[in-house]
Amino acid sequence: MTTLLETRHLEMKFGAVYAARDVNITINEGEILGVIGSNGAGKTTFVNMVTGYLSPTSGDIIYRGNKITGKATRDITRLGICRSFQIPQLFPELPVLENMLIALTIAKQEKPSLFRPAIDRALEDEAHELLSHFDIDQYADQLIQTLPQGVRKLVDIAMATVAKPDLLFLDEPTSGVSADEKMEFMRVLIAALKTTKTAVLFIEHDMEIVEEFSPRCVAFYEGTILADGPTDEVLQDDKVREFVIGSEFHRTPTDAAPKEGAQQC
Amino acid sequence: MTKHLDRTEIGLLVALPLLICIAFVLPKWIVNYVHVSMGTGLVALGVMIQMRAGLVSFGQGLYFCVGGYAAGMTGKFLGVTDFFVLLSAGIAAALCLSFVLGFLLRRYREIFYAMLSLAISMILFGLLSSTEELGSTDGFNLPTASYFGWSPTGETARLTLYTLTCFIAIGCAIALNRFLKSRVGYVNEAIRENELRVEYLGTSAHNAVHLTYVVAAVVSAIGGVLWALPLGHVDPEMTNWTTSGQFVFVSILSGTGNIAAPLIGTFLLEIIRVYAVELSPNTWQLILGSVMLFTIIFLPKGLWSLITSKQKSSKKIGASAPKPGE
Amino acid sequence: MTKSRLGASFGSLLRNSTSIIMAAGIGVTAAFATAGTAQAEDASVKIGFVTFLSGGAAGPFGVPARNAAELMIQSINSGAIPAPYGTAGVGGAKIDPIFVDENSKQKNADYLKLVEKDGVDMVVGYISSGSCKAIAPEAEKAQKLTILFDCGTPQIFEDIVTDPKYTFRTGGHATMDNVAAARYLQQQDVSLDSIAGINQNYAWGQDSWRDFSQSVLQLKDGATVSTEQFPKIYAGQYGSEVSAILTSKPNVVHSSFWGGDMEAFIIQGSARGVFERSKVVLTTGETAMHRLGGQMPNGTVIGARGPHGDLAPESELNDWFRKAYFDRFGTLPTYPSYKMAQALLGVKAAADKAGSADQDAIIGALRGLEWEGPSGKVTMALANGHQAIQDTAYGTYMYDKDAGKATLVDIVRFPAECVNPPAGVTSIDWIKGGFQGAACD
Amino acid sequence: MLTAIAIAVDGLGFAAWLFLSSVGLTLIYGVMRILNIAHGGFYALGAYSSAWAIGLYTATGSPVAFSFLLIPLAALIAGGIAGLLVERGILKFMYGRDEVLMVLVTYAVFLILEDVTKLIWGTESYIAWQPAFHFGTVEIVGIPYTVYKFLIIGTALLVGLSLFLVLNKTRVGKLLLVVIEDREISSALGINVTLFFSVTFVVGAILGALGGAITAPEISVSPGIGAEIIVLSFAVIVIGGMGSIGGAMIGAVIVGFARAASVHLYPPAELFSIYLVMAAVLAVKPYGLFALAESRKI
């Protein structure tokens with residue numbers, strides 16, 4: 001298997017607080033990887049750093065053998081790393097279809113013309129097809145702001161896939177999706193993503209989903225990696241059981257620290 | 001195929017001969033308001049395309065003024081009277097200035113974009129107001145335009161200029177309609193809605209804003225030239241914040257839904273003002289303010305929404321999928 | 001498919017345009033309606049009056065001018081003015097006025113609307129020099145008699161319209177205000193060693209200061225400029241400027257401030273002793289003297305942009321005008337009122353002379369005309385008989401505390417030929433050339 | 001040295017007036033996110049009513065000392081009534097609308113207020129110099145300054161301090177800070193946001209009127225003064241950071257000193273000194289000196 005992404009000693013400091021410390025993760029092509037950890041453990045910070053939203057205090061991010069540390073978000077996207085968001089980042093006053101069309105227009109790296117219509121029949125068909133993949137084509141004409149959270153999550157993820165990324169980060173894809181729909185939701189999602197050879201890293205709080213969909217799992221705690229390995233082993237790890245899975249139900253004071261709280265949402 | 005011309009563009013093309021015809025049908029004074037409204041309307045268009053990206057320029061008068069002054073100075077100091085040279089001078093000046101200033105402004109959003117554009121336009125206002133060579137606040141007069149060596153006078157000159165203005169204004173409107181539907185146009189919509197996502201989709205919001213700023217500047221400068229030539233006069237009031245403010249108000253009142261809206265809105269507002277002044281020369285601002293207030297309360301999406309809401313209801317019956325961007 | 005889409009587009013376009021076309025239609029019908037009524041009456045002459053009715057220039061200039069217009073129209077129509085203006089109407093026709101706010105972004109379009117839609121026979125107005133510069137060529141193009149009654153820039157007939165046919169200006173231009181101010185100070189033996197200026201940073205202020213300072217430099221060898229302040233128009237707060245003037249210790253402070261700016265400067269300057277430490281000359285001070293009363297420091301040199309207001313010579317006409325104005329509006333007329341009255345009397349004199357209110361008749365008679373206004377003789381001497389010249393005067397302010405009355409003392413009159421450049425010479429060349437050809441008794 | 005002292009005193013005097021004239025604007029923006037152009041209208045109303053009241057009062061020949069009371073009183077009544085009418089009568093129906101649209105609404109209100117002012121007081125200017133002259137002058141390095149100027153500086157400090165204390169030391173103030181921080185959360189917490197909006201708007205209007213009322217004795221109150229103050233106070237609060245009271249104070253001081261310096265050192269630049277400063281500050285600090293913290297999106 002070829003290494004797609006590798007981080008070396010990644011560190012992120014907000015004032016005196018470490019949001020990430022010595023984070024070393026390797027992701028291979030086509031791999032599916034679940035990330036667990038309590039709120040404020042540094043999961044989103046990790047994604048933010050790799051996708052260029054945050055510049056790490058120190059450490060390196062290597063993508064396909066090239067250093068991408070500190071590059072702009074848009075450049076990283078063009079290299080084939082995309083992401084979805086915990087809170088969907090969409091164009092709320094526009095219909096779903098137009099959201100997708102904008103994403104598609106931007107993703108086409110053709111020479112842009114100032115005065116040629118960017119959108120034609122073919123592009124619309126492509127957008128509808130993408131929406132069908134995620135089973136949300138019936139919402140195509142509705143405004144984002146009128147949609148339920150679950151559909152928004154799917155649109156958000158669908159938008160992240162239009163550029164046909166090699167590596168896709170999903171930040172809590174099932175948050176906001178009701179408990180009994182979560183499994184079905186993930187099934188649709190993973191099925192849609194499996195059609196391509198995309199490597200997927202998803203952040204998840206529900207251990208059942210992690211067990212079901214990802215063969216490998218990484219556990220974060222207070223900015224560091226607690227465990228990294230096959231999912232069943234990680235979930236059995238004592239430290240993981242104590243600090244991650246256990247703490248899902250009672251927040252420690254550090255978790256409520258405002259800096260990190262703001263970081264999460 | 002209609003693939004290349006959307007409804008708005010067909011409408012504009014149909015409007016062109018009608019617009020030219022009214023010069024022969026309607027009384028001269030109304031034609032005159034139509035004429036100057038095309039100039040200021042283009043500036044409102046410039047404001048409107050920036051508004052599509054969520055950016056409100058409170059200093060668009062800057063390019064209105066740059067266009068007018070560049071044309072005027074070309075006439076005054078180089079003795080050129082050719083319409084197309086004067087127009088090119090206005091465009092070139094706006095292009096250069098906006099390209100440079102764009103590097104600064106593209107970093108700003110919301111009220112800060114508004115205030116910074118205002119500050120820059122007011123600096124120009126200050127500079128022009130204290131330049132006696134350019135007539136200070138009184139400004140200076142422009143020559144009567146000639147066309148490739150042909151120098152019409154009197155009524156012929158007026159009609160020639162009017163016809164050309166119609167062509168250029170409609171041409172600009174169609175070009176801008178295309179611009180709004182181009183890739184950059186869609187990126188702008190996306191910037192207005194969620195700039196973070198735009199960056200994550202892999203394109204530079206800064207570049208799109210910069211480009212839009214330049215396009216808006218050029219169209220405003222064209223407006224400035226087209227406004228100044230029939231008037232034969234420019235003064236720094238063109239870049240004063242009150243002038244820029246009016247452009248913003250026209251764009252909001254007309255609505256950003258359609259490219260024709262600001263052009264029509266400019267003219268309508270002008271006519272409302274004329275009648276308000278006639279009705280009550282001492283308190284016309286009160287009437288204008290009330291009209292604006294009622295428009296905003298009852299038509300928050302601008303006057304154009306009167307038209308689109310009608311369309312939507314009729315469309316429901318046809319049950320065709322709404323085309324995006326129309 | 002193409003066709004049907006096109007058809008649909010047309011249909012919707014037409015439907016959608018209905019409201020717009022209707023709105024425009026209403027406008028057009030209204031336009032024709034008013035134009036029709038205007039043509040029906042022929043014993044009247046319709047005059048468009050354009051002055052500031054809103055904004056900062058309305059209070060000191062626009063409204064007093066409009067008031068004077070209203071008074072004069074009524075008096076002319078009823079024949080209530082003393083001789084030689086005792087006949088009713090202008091050339092037998094009654095004046096039918098229409099007032100327009102000069103505070104507009106589309107001055108030219110508004111002008112054309114007056115001419116085309118309202119069908120006025122002439123336009124009287126324009127206070128700001130910027131307006132005049134824009135309107136003068138428009139008037140020539142529209143071939144409509146247009147009388148500029150107040151604006152001050154000398155450029156109108158020097159650069160803008162060098163061969164006027166339809167444009168007249170019945171007031172003197174600003175050069176004479178400042179030349180006369182300099183001459184007055186010299187005659188009153190005020191030291192001119194060091195002068196300071198505080199003028200608004202726009203054409204009027206810049207021109208005024210340039211004319212005044214250049215005149216002083218001509219009149220007094222070795223005069224120096226201690227500070228030149230150019231605050232923004234309508235700034236209102238002059239604390240820093242007053243400090244700068246006080247620290248530079250000039251003998252004379254010149255200001256062409258007008259309206260609220262001037263009054264604010266008088267209050268802030270007098271409170272801090274500017275008027276005691278230096279001789280202050282206010283070229284438009286007359287508009288404020290009755291309003292400020294005791295608040296205007298004694299000894300201030302005051303002008304009225306011509307021999308208007310308290311500087312006007314005594315005459316039956318002047319007495320009538322002051323009384324009629326005071327009776328009607330409760331205040332004494334200031335120079336904008338005088339200038340408006342002067343313009344309308346000029347029109348009346350010309351029309352009466354020609355015996356007709358016809359445009360060509362008035363133009364023919366007004367060219368080179370000499371008539372008596374409330375402030376004395378006016379002659380259309382310059383620019384082919386299209387630009388008036390007039391004597392001017394300056395005086396020194398004195399407030400009679402017991403009577404509670406403001407007066408002017410040491411009034412000096414300057415003949416028109418003394419403070420105006422001769423025909424064909426631009427103002428600034430004339431001043432810098434040492435006032436060649438000035439005839440000052 | 002003389003010039004430096006003069007610049008300092010003049011700058012401070014100008015800054016005090018600027019602060020009083022713009023603090024209401026920044027308060028309203030901070031709490032309601034409305035860039036209130038009608039602020040200029042409130043300023044003019046305050047100036048007119050104070051000049052008018054002082055004129056009526058001094059005409060009776062009563063002691064001038066009491067006329068000082070008329071200034072805050074005029075601001076309170078004029079600003080209070082107008083603010084309440086505008087908020088209850090118009091803005092109330094507009095909350096939640098687009099920020100830009102609100103600018104337009106307040107512009108329309110401003111146009112209406114301009115003409116209403118003209119209908120009430122006419123186009124003649126009003127002069128009420130008595131308070132400005134009452135205490136005479138003090139000399140600083142040989143330049144006389146009116147004592148009234150220092151009263152304005154004192155008032156500005158007092159207003160700034162009171163606002164600081166109210167916002168930071170009282171319960172209501174702290175709740176208001178919560179509203180400023182996050183409107184949605186505060187209404188979820190059961191804070192009556194609508195009431196806060198009403199009160200803030202009226203207080204902002206009164207402060208705007210106070211700016212006009214307190215400077216009325218120094219100037220000639222005439223039509224158009226409201227329009228002048230709008231852009232000036234926008235510049236001040238943009239420099240300081242929109243919505244920040246402390247920022248408005250710093251912004252006022254910066255603009256005040258910049259203007260005084262240009263008057264003393266290079267007068268022709270006075271016309272655009274303020275905009276130059278604004279452009280310079282924004283080029284370095286894009287969101288003003290004390291921008292309100294934006295909560296992170298992701």
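I began with helix α8 (residues 239-248) of chain C, and I noted that this helix lies across β6 (194-198), β7 and β8 (252-255) of chain C, running at about 170° to β7(C). I keep in mind throughout that this is a predicted model.

**Entry: the sheet under that helix**

I then looked up the sheet in chain C, and found an open sheet of seven strands with mixed pairing, in the order β7-β6-β8-β9-β10-β14-β15. At its edges I found β7 (224-229) and β15 (405-414) of chain C, each of which pairs on one side only. Direction ignored, neighbouring strands of this sheet are turned against each other by 25° on average.

I followed the sheet to its β15(C) edge, where β14 (residues 392-400) of chain C runs antiparallel to β15(C) and is joined to that strand by eight bridges. As one pair to find in the structure, I wrote down Ala393(C), whose bridge partner in β15(C) is Arg413(C).

**Entry: which chains meet**

Which chains share the most contacts? I looked through the five pairs of chains in contact and found that chains C and D hold that place. In this pair, 34 residues of chain C are in contact with 36 residues of chain D. On the chain C side, the elements that give two or more residues are α2 (58-78), β7, α8, α9 (259-271) and α11 (286-292), so I met both the edge strand β7(C) and the helix α8(C) of my opening entry again. Sorted by class, this side of chain C has eleven nonpolar, 17 polar and six charged residues.

I also checked chain A against chain C, and these two do not touch, their nearest C-alpha atoms being 15 Å apart.

**Entry: chain B against chain A**

For chains B and A, I noted that 25 residues of chain B are in contact with 29 residues of chain A. The elements of chain B that give two or more residues to this side are α6 (154-181), α7 (183-193) and α8 (195-200), and the largest share, seven residues, comes from α7(B). By class, I recorded twelve nonpolar, six polar and seven charged residues on this side of chain B.

**Entry: α7 within chain B**

Since α7(B) had come up, I looked at how it packs inside its own chain, and found that α7(B) and helix α9 (residues 205-231) of chain B pack at an angle of about 115°, with their axes 10 Å apart. The two helices are therefore roughly perpendicular to each other, and α7(B) passes α9(B) in a left-handed crossing.

Which residues meet where α7(B) and α9(B) pack? From α7(B) I listed Val184(B), Val187(B), Asn188(B) and Ile191(B), and these meet Ala205(B), Ala208(B), Val209(B), Leu211(B) and Thr212(B) in α9(B). This contact has seven nonpolar, two polar and no charged residues.

**Entry: strands of chain A**

Last, I turned to chain A, where strand β1 (residues 3-14) and strand β5 (residues 58-63) pair in the antiparallel sense over five bridges. One of the pairs I looked up is Leu5(A), whose bridge partner in β5(A) is Tyr63(A).

On following Tyr63(A) further, I found that its bridge partner in β6(A) is Asn66(A), where β5(A) and strand β6 (residues 66-67) of chain A pair in the antiparallel sense over two bridges. The hairpin of β5(A) and β6(A) has two residues between the strands, and in this hairpin Arg64(A) takes a positive phi near 50°.

Conventions. Residues numbered from 1 in each chain as written. Chains lettered and ligands numbered in written order. Predicted model: local features only at pLDDT ≥ 70, side-chain atom pairs only at ≥ 80, totals over all residues. Contact = placed C-beta atoms within 7 Å. Helix = DSSP H or I, 4+ residues; strand = E, 2+ residues; numbered from the N terminus. Nonpolar A, V, L, I, M, F, W, Y, C, P; charged D, E, K, R; others polar. Pairing = 2+ DSSP bridges. Axes fitted to C-alpha atoms, helices over the stretch in contact; angles between N-to-C directions. Parallel < 35°, antiparallel > 145°, perpendicular 65-115°, else oblique. Left-handed = near helix turned anticlockwise from the far one by under 90°.
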